[in-house]
Amino acid sequence: GRIFSFAKGPFGVVTIIAVGLVLALQQTSINLTIRNQGCGTMMVSGSLPFALPGFSLPTEPIANGASGTAVLPPLTVEVDGTQKSALTLKALAFSAAFELPSNIKDVTLDGTSLLNTKQQVSLHTQKEHTLVLVCS
């Protein structure tokens, strides 16, 4: 009764769109395996100013030779690897810089180096991606 009468009109439309968006993001999320090859133990950290369905980062540190999995929305991300000390990612209106170890040799996504370049990465092209950090 009351809930359905409240859900009519603009509030109902907004609710339906929001629920649809949440379900779409959860069902279309991609898995990003993060592999550590030769680097010290790393913690993957980051946050958004709000909860985003289909977004989670590994909760445990990733030791040398180990991997962790992040779940991400299928967005196109601008990656700036032109600074040796950090990798900057931009998607929508958000930007995040990730500090790289001083002994980093390469960072690859699905076999393509991200260092010394600026490029766009379309995460929606496949359900599984692999990010490898290689240190000396």
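1. Let's start with Thr41, bearing in mind that this is a predicted model. Thr41 comes out exposed, its relative accessible area being 57%; the label applies because exposed means over 50%.

2. Where does Thr41 sit? Its place is the loop that runs between strand E1 (30-37) and strand E2 (67-72).

3. Exposed as it is, Thr41 still has partners from elsewhere in the sequence. Leaving out residues up to four places away, Thr41 touches Asn36, Pro61, Ile62 and Ala63. There is also a C-alpha distance worth checking on your screen: Thr41 and Ala66 are 25 residues apart along the chain, and their C-alpha atoms are separated by 9.0 Å.

4. Now over to strand E3 (residues 76-80), where the side chains alternate. Which of them are buried? Val77 and Val79 are, and they point to one face. Thr76, Glu78 and Asp80 point to the other face and are not buried.

5. E3 has a partner in strand E8 (residues 118-122): the two pair in the antiparallel sense, over 5 bridges. For the register, look at Thr76, which stands opposite Ser122 in E8. Thr76 is also one of the E3 residues that are not buried.

6. E3 pairs with strand E4 (residues 86-91) too, again antiparallel, over 3 bridges. Here Glu78 of E3 is the one to find, as it stands opposite Lys90 in E4. How many residues lie between E3 and E4 in their hairpin? The count is 5.

Definitions and conventions: Residues numbered from 1 in each chain as written. Predicted model: local features only at pLDDT ≥ 70, side-chain atom pairs only at ≥ 80, totals over all residues. Heavy atoms only, no water. Buried < 20%, exposed > 50% of the residue type's maximum accessible area, 1.4 Å probe, protein only. Helix = DSSP H or I, 4+ residues; strand = E, 2+ residues; numbered from the N terminus. Pairing = 2+ DSSP bridges. Contact = heavy atoms within 4.5 Å.
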